[in-house]
Each structure stands twice: as C-alpha cells, then as structure tokens.
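This report goes through selected features of a two-chain model, taking the contact between the chains before the sheets and the loops.

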Amino acid sequence: MPFQWFVALRYLRDEKGQTALILAAVSVGVSVVVFLSALINGLQASLIETTLGSQPHVTLRVPREEARPLVESETGRAVARLIQPASQRLRSIDQWPVVMTDAERAVGVTAASATVTGSGVATRADARAPIIIRGVVPDRFLEIIDLRPKMIQGEFDLAGGSVVIGAVLASDLGIGVGDKLRVASTEGIDDVVTVSGVFEIGNQAVDKTWVVTSLRHAQSLFALPGGATTIELKLAEVFSADRIGDELHMRTGLAADSWMTLNAELLQGLSAQSSSKNLIQFFVVVIVALGIASVLIVSVVQKSREIGILRAVGTPPIRVLAIFLIQGGVLGLAGSVIGSGLGVVFARAFETFTSGPDGLPRFPVQIDVSLLAGATVLATGVGLLAAALPARRAARLDPATAIRSG
Amino acid sequence: MADPLLSVVQVVREYGEHVRTRALAGVDLVLERGEFAALIGPSGSGKSTLLNIIGLLDRPTSGRVVLNGTDTSALDERALTALRARTLGFVFQFHHLLPAFTAVENVMLPAWADEGTPSREMRQRARELLDAVGLSDRADYRTGDLSGGQQQRVAIARALSRRPALVLADEPTGNLDTASSDEVFELMRHFNRTFGTTFLVVTHDSRIAGRCNRVIEIVDGLITSDLVPLVGPSGSGGC
C-alpha cells in the first residue's frame, strides 16, 4: 500500500473515538442532504407530473389578432382615435402539417400533435354545461397526454363521432358510457355524439370541461375543414420548454405557450422550495466541512511531533500533505456512504409513515442513483477541501521545531 | 585521501529578528568515515542546533555544510529531504517512534516514506535489523507496548534501515537506566565496527563520552576542544 495511504488509514484506525465521532457527524449531515433532496425532489416531481398530466409542454398557436388603426397620423396632422382591442376568432395554423413535421424534428421534441381546440356548450336534456372541445388524432394525442390510464369508465375511442369526457362533466350532466350528448361549438354548429369513455385526471378544470373528439369531427364543429388551431409538443426535458418554445416561435412566427409560462406561479413556488432546500443543504455541508477541518486540525496539533519525525526520516512534504488530505477524503467518502444509506432509510420510513389510508404515499420521495452519487462526490470533495488547511499546515511544519516542542 | 564524510565550515546560526541570539558562532568540524564521535557541552551550548544543521533539519545563517561530497547550502527543501533520507539516520532521546505502528513498520518507515511503496526487501531488511538489535520476537508489537530500552533499540534499527553514511544520535541514552544505556551504546558501537557507519552522538553522560574515540566539546556556540582519536578513523572507530 502506498505510504501516505497506509499512514492515513492507520491514523484513522488509531484514533477510533475521534474517527467514529466525525464519521457520525458526516453521516448525519449527508443523510439530511439525501433525505431533504429525496423529499423535495419527490414532491416537485409529483406536482409537475400532476400539472403536466393534462397539458402539453409547449403549445404552438396562431398569434392573437392585433388592432390595426384605420387612420394613421401624419406630420402636421394630429389624429384623435379610439383603438379597441381586436376580437379573437378561432383560426387555423397556416400549413400546419409542415409546421408540425418541422417542430417534431426540433432537438428535444419527442412528440407532436395537431388539435382543434375551442369552446362550446354540452346539452343533455335540460342540463347545459360550458365545455372545451378538443379535436385530436388519437395516436399522437395519447403520446402527449395519455388519458388511457385515467379512464374510469369505458375506453378511449373516438371512432364514428364518439367522444370521451371528464368525470365531473359526466356527473354534472348525469351521463355515462353509451349515452348521447349534444355538443355545440362557438361557431354555432352542433352535433349529437356518443360517450365512449369517462376519464378522471384529478385536475378539476379539465375533468369539468373537456370533451375529446376526433380532429375531423372538431374541424367540422368549428368550420375549419382540414385545419388545426394548435400544435402540441412533448419534450424530453420538461424544463427546456421555455427555450424550445422561444426557438420555435422565432422559427415559425407562431405564438409558443410553454407550460412554464402558463404555470409561472407553480414554478415560482417550486423555485422558492428549491432555494430553501439548497440553503439548508449548504449550511449542512458547511457544518460537515467545519467538523472535518476541526478534527484534522486537532489531529495535526496532536501529531505534530510524529509529523516532525516523519519529515526528519525523509518523508517529502507532499506525502505529509497527502496523509491528511486522504484522511479528509476517506472521512467524507465513508460518511457519505453511511449517510446515503441512512438518508434512504429515513426517506422510505417517512414515505411509509405518512402514506394515506389507501396505502399510497402522500409525500412521494424520489431517490435516484444520481442523488446518491452526487451526495458521495459532494461529501468526498468537501472532506478533501476541509482537509486542505490542516494538511497544508502539517506539510509546512518545521521538523526540528516539531520534534522539540510537539 | 578520500573526502571527509562531513565538513562543517564556519557555520553561524542566529535566531530572532530584532534581538539576535547567536547559537553557533562559527563552527568548523570535520568527520571522517567510520568515526564514532561524541558531542558534549553544557545546556544551551549549541549542541542540538549543530546537530539539526548537520541533520539538514535547519539551515545555517552563514557557513557551509558539505555532506558526503554534496554542498547542502545550494539545495532546495526537496533535495534536502532526499539527501536526508538517503544519507542520514536519526536516533532521538525519546526514541520518537510512531506509537500507532509496529516495530517492523517503524523500521521500514524511512525507506517506505522515501520510495512511496513498500517492497519485500524493505520488510526483509527491517526484520534483519530487528534481529540484529535482539528484537526479532517483538517485530510485530506496537512500539507503545515495548519498554524504553526496547523502543530505543527499535529507533537504532530505524536509523540504520537505509544503510546511512552518518547516524546522528541526540542523547540516545538520556532517558534510559544504566543497563539499558550500556546495551544501546554497545549496539551503536557494534554497527559502527561491523558496517563502518559513522556516528555523531550528543550526550551529557561523561561515562558514554569517555568510551568514544573522539570527544568534541562545544561551549557558547564554539568548539572548544576536540580530543584526538586514540585509534585512527580507518580503524573502525573503536571506543
């Protein structure tokens, strides 16, 4: 075994009490970091999953219509005018199949689906409810928002004028699978459709309003033959939505709504949560670093005579430096392995103890290899860094003085 | 005639920045190969300072130290460490072994520290030396579990582990009873006679000094007497 490793490990073994205490401190610190990350990441992932369960990552649509003044002012002539905001009407994206193919090829985009989406009213006997009609191509739509696992009645089938509707809407109208329903679009076109399935996403706004039908059917309801009002996209990395949205906006001239913009408040909340998590973790890491550094400084003082002897018998300063760096690194590494294990146990225990009556976790934790690997690298790095000062001090000890006074 | 093993030329060592204290006031000393010399003097006379400078643990304020043909004044810290590791052996008053290590590990230490990784030869040599100092049955004991005399014998084995040209011993018997002192002294003399290793022994003990073939006395930082050896250096330095 290389000399510096041998001496470092022997010192750690020799100072059992000291090593055990600092190892315990590092382990607890790392376990807090792992537990907190697992919990916060789990909560955030669950929130994002719920949010994105009913919306695409990026939606491309025709830009809003702007008011255009009929009379322009000229030099020397003032014009008093009143500009009213332009009324918005449903319009199709020009050449949408080309746009969709183009968007689908963009880096980071994993799926694209063209839809005709507009408002309407559903009528069943004397019950009426405002609805959102979503005309989709089933295969493509299901890649963006997979309603199949959310079906609580019937199945996802849009063939032959069938529709699937949200559970709250079904309940409000008092209908179920096989029942007929009259839907009328804002264009004044109506039709009678059959309910083939009822879904429940868990998002009240969606469950109360959505009527999902085929693209062709929606095109006829909104008098947009062959048209599509939006192109919805799914991305490989959800947090790249703003960037990819901006890129597509620049390229296509269409308005690109990113889920991040539409859910800015949620993201702000998540970001605040992440900041507090990072702050807590930062202080934990600082405390761990201070703990390792103080133990090693004491060790250098205690062992200064021995260090002097090592130097006197011909140990180069660099090896003395390495002896203490290795001790810091080993404490960090061993502490992070134990701490990661503890953190996983704490997180799983927390998940179990706080699970709901249905046995499903109310606070799902997210533990992945990258978290544990990150904690290990962090703690080992902090150990090395914390050892740098004591190690430097040890390497610079004057051997003659250290032997005489150590 | 071959170069001397050690030449100390007009070495001055001063301490302090504002009030300067002169520990060595211009020391000249030559040690031939194979000598067994005692360095004596009252407390504060500069013995340890001189030993530290010869041992390359300290640098003189002025003057030169030439060790084994190398002028050390021009060497940097790294070169000094390497020269120290390969040319010098140290025996301290309080043995200064590493208590967390076994006797054999302590003896291997100088070679291991210098070369980085241990070798079979290193271990073999350490065991042979422990055998030579009569501690082969204690080789795997932690040095903290050995008696004072045994610890000092391990320290001598450690000092000799790299076959140094010069062993510097700072009060090697200062902390031992008479019987152990004699044992340790005889051991050093044995190595001096058998292998021709040069020894410079700092001692307060006139009984020990009287048995060396050369006695150098230092007072107030200057060598005041240097008794002519009874037997020439080539005669293996008998005391």
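In this predicted model, the contact between the chains draws 21 residues from chain B and 19 residues from chain A. On the side of chain B that touches chain A, the elements that give two or more residues are helix H2 (77-87) and helix H3 (103-115) of chain B. The residues on that side of chain B divide into eleven nonpolar, five polar and five charged.

Chain B also holds an open sheet of six strands with mixed pairing, in which the strands follow the order S6-S7-S8-S3-S9-S10. Strand S6 (88-91) and strand S10 (222-226) of chain B form the edges of this sheet, each of them pairing on one side only. On average, and with direction ignored, neighbouring strands of the sheet are turned by 20° against each other. Within it, strand S7 (residues 166-170) and strand S8 (residues 198-202) of chain B pair in the parallel sense over five bridges, and B:Asp170 has B:Val202 in S8(B) as its bridge partner.

In general, the strands of a sheet pair through backbone hydrogen bonds, either parallel or antiparallel. In chain A, both senses of pairing involve strand S8 (residues 210-214), a strand that is mostly covered, with five of its five residues buried. Strand S3 (residues 127-136) of chain A pairs with S8(A) in the parallel sense over five bridges, whereas strand S5 (residues 162-166) of chain A runs antiparallel to S8(A) and is joined to it by two bridges. A:Val211 in S8(A) takes part in both pairings, since it stands opposite A:Ile133 and is also the bridge partner of A:Ile165.

Two loop residues of chain A, neither of them glycine, have a positive phi, and the table sets out their places and values.

| Residue | Phi | Loop in chain A | C-beta neighbours inside 10 Å |
|---|---|---|---|
| A:Gln95 | near 55° | between strand S1 (58-61) and helix H3 (96-105) | 10 |
| A:Ala223 | near 55° | between helix H7 (215-221) and strand S9 (230-235) | 12 |

Are these two loop residues, A:Gln95 and A:Ala223, buried or exposed? A:Gln95 counts as exposed because it has 10 C-beta neighbours inside 10 Å, where a residue is exposed if 12 or fewer other C-beta atoms lie within that distance. A:Ala223, with 12 C-beta neighbours inside 10 Å, therefore counts as exposed as well.

Definitions and conventions. Residues are numbered from 1 along each chain as its sequence is written. Chains are lettered from A and ligands numbered from 1 in the order in which they are written. This is a predicted model: local features need pLDDT of at least 70, side-chain atom pairs count only at pLDDT 80 or more; totals for chains, interfaces and linings use all residues. Two residues are in contact if their C-beta atoms, placed from the backbone, lie within 7 Å. Helices (H or I, at least four residues) and strands (E, at least two) are DSSP runs, numbered from the N terminus. Ala, Val, Leu, Ile, Met, Phe, Trp, Tyr, Cys and Pro count as nonpolar, Asp, Glu, Lys and Arg as charged, and the others, Gly among them, as polar. Two strands pair if DSSP finds at least two bridges between them. Axes are lines fitted to C-alpha atoms, for helices over the stretch in contact, and angles run from 0 to 180 degrees between N-to-C directions. A residue is buried if 20 or more other C-beta atoms lie within 10 Å of its own, exposed if 12 or fewer, and partly exposed in between; C-beta atoms are placed from the backbone.
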